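Colleague: I am new to reading protein models, and I would love to learn how the words used for them are earned. Could you show me one and let me ask about it?

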Amino acid sequence: MVYGGYGKTHVNTLLAALNINCVSQKTLKTREREVGQQVGEMAEETCQKSLQEEIRLSEGRLSASFDGAWQKRGNGRAYNSLTGHVSLFGEKSKKIISFSVKGKKCRICAAAKSKGNPHRVHQCCKNWTGSAKAMGPAMACEMLEMVETSGGKIDTLIMDNDSTTIARVKVQVNPNISKRSDSNHTKKGFTSALVELSSAHKVLRNVKVRGHMERCVMYCIQQNKDNPSQLETDLRNIVPHLYGEHQSCGQWCKSQQTGYKPKHLPYG
């Protein structure tokens with residue numbers, strides 16, 4: 001129920017189908033708090049085991065992928081989500097080695113404050129008072145410090161193109177840490193740039209044309225991971241490739257070998 005995001009209505013629908021008495025919101029929430037604490041402890045234990053496995057597989061030189069999400073998506077002008085969560089994945093083990101959750105509001109504390117009374121003893125979920133946009137860098141630093149406390153040290157962080165997070169990490173945790181861009185976020189950024197250019201260039205409004213250009217760029221990146229000079233050369237050859245000039249195309253282009261003409265390009 002917790003992982004699926006189900007509430008009282010979903011649970012009672014399932015119970016009714018099984019001919020079991022329904023439960024109230026109060027009872028459901030009480031059981032959720034009991035189980036939630038145990039689930040959190042098990043998650044921390046699992047992360048510790050995965051971290052030790054990652055350290056063993058990486059021989060001490062850890063590379064980890066970092067990404068997060070917010071309950072309410074930012075729109076470019078307002079970032080006012082009340083919660084945020086991030087995960088750190090080991091590159092070798094492909095498992096979560098650390099996680100962090102931040103919350104800006106607790107209903108029990110808020111209700112007690114509105115009535116002018118002290119709040120009762122409870123498991124308060126409020127652990128953040130800053131802005132929602134600042135949650136990401138703070139949680140990244142928190143996880144990396146936790147990894148170092150457990151005997152590991154991350155040398156390379158794989159993440160999106162958020163310069164604020166990597167700058168904060170270098171100041172607070174490790175000034176020598178290196179950053180690699182995640183392929184999914186790289187593709188997303190390239191697609192967004194093409195969409196912006198489509199207002200001035202009509203041909204880019206065609207989804208198939210943009211898709212073909214995205215594939216060419218991602219082929220170049222995947223085939224030249226450890227060769228930056230060749231990557232630059234192949235990226236520059238994409239534009240002539242789109243116009244049928246394949247003399248300088250790299251391995252990502254199959255036109256010279258098979259005579260293939262992309263069907264998604266106009267007049268291809």
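Modeller: Gladly, and please keep in mind that this is a predicted model. Let us begin just after helix α1, where Asn-19 follows with a positive phi, near 60°.

Colleague: What makes the phi of Asn-19 worth a remark?

Modeller: Most residues other than glycine have a negative phi. Asn-19 is a residue other than glycine, yet its phi is positive. You will find Asn-19 in the loop between α1 and α2.

Colleague: Why does Asn-19 count as exposed?

Modeller: The word exposed asks for over 50% relative accessible area. Asn-19 has 73% relative accessibility, so it counts as exposed.

Colleague: Which residue in the loop between β2 and β3 can I set beside that?

Modeller: Try Lys-94, which is found in that loop. The phi of Lys-94 is near 60°, a positive value in a residue other than glycine. With a relative accessible area of 63%, Lys-94 passes the cut-off of over 50%, and therefore it is exposed.

Colleague: Back to helix α1, then. Which residues of α1 are buried?

Modeller: In α1, residues 8-17, the buried ones are Val-11, Asn-12 and Leu-15.

Colleague: How do you know that they are on the same side of α1?

Modeller: They cover an arc of only 95° around the axis, so they share one side of α1. A general rule helps here: an α-helix has 3.6 residues a turn, so residues three or four places apart point the same way. On the other side of α1, Thr-9, Leu-14 and Ala-17 are exposed. As for the buried residues of α1, they pack against α2, residues 25-58.

Colleague: Let us turn to the sheet. What is the order of its strands?

Modeller: The order is β3-β2-β1-β4-β5, in an open sheet of five strands with mixed pairing.

Colleague: Why do β3 and β5 stand at the edges?

Modeller: β3 (96-103) and β5 (178-181) each have a single partner strand, so one side of each has no neighbour in the sheet. On average, neighbouring strands of this sheet are turned by 25° against each other, direction ignored.

Colleague: What makes β1 and β2 a pair?

Modeller: Two strands pair if there are at least two bridges between them. Strand β1 (residues 62-70) and strand β2 (residues 83-90) are joined by seven bridges, so they meet that rule, and they run antiparallel. Within this pair, Phe-66 stands opposite Leu-88 in β2, and Trp-70 stands opposite Gly-84 in β2.

Colleague: How many bridges join β1 to β4?

Modeller: Four bridges join them, and these two strands run parallel. Ala-64, for instance, has Leu-157 as its bridge partner in β4.

Colleague: Why is Leu-88 called buried?

Modeller: Buried means under 20% relative accessible area. Leu-88 is at 1% relative accessibility, so it counts as buried. Its place is in strand β2. Not counting residues up to four places away in sequence, Leu-88 touches residues including Phe-66, Ile-97, Leu-144, Ile-154 and Leu-157.

Colleague: Which residues touch the most other members of the largest nonpolar core?

Modeller: This core has 24 residues, and the ones touching the most other members are Phe-66, Leu-88, Leu-144, Ile-154, Leu-157, Val-169 and Ile-177. At least two residues come from each of α2, β1, β2, α4, β4 and α5 (163-172). The largest share, eight residues, is supplied by α4.

Colleague: Where does α4 lie?

Modeller: Helix α4, residues 135-149, lies across β1, β2, β3 and β4, and runs at about 140° to β3.

Colleague: What is Ile-154 in contact with?

Modeller: Leaving aside neighbours within four places in sequence, its contacts include Leu-62, Ala-64, Leu-88, Leu-144 and Ile-177.

Colleague: And how do helices α6 and α7 cross?

Modeller: The axes of α6 (residues 183-197) and α7 (residues 207-223) come within 10 Å and cross at roughly 145°. The crossing is right-handed. Among the residues making the contact are Phe-190 and Leu-194 of α6, together with Met-213 and Val-217 of α7.

Terms used: Residues numbered from 1 in each chain as written. Predicted model: local features only at pLDDT ≥ 70, side-chain atom pairs only at ≥ 80, totals over all residues. Heavy atoms only, no water. Buried < 20%, exposed > 50% of the residue type's maximum accessible area, 1.4 Å probe, protein only. Arc of directions from axis to C-beta. Contact = heavy atoms within 4.5 Å. Axes fitted to C-alpha atoms, helices over the stretch in contact; angles between N-to-C directions. Core = buried A, V, L, I, M, F, W, Y, C linked by side-chain atoms within 4.5 Å. Left-handed = near helix turned anticlockwise from the far one by under 90°.
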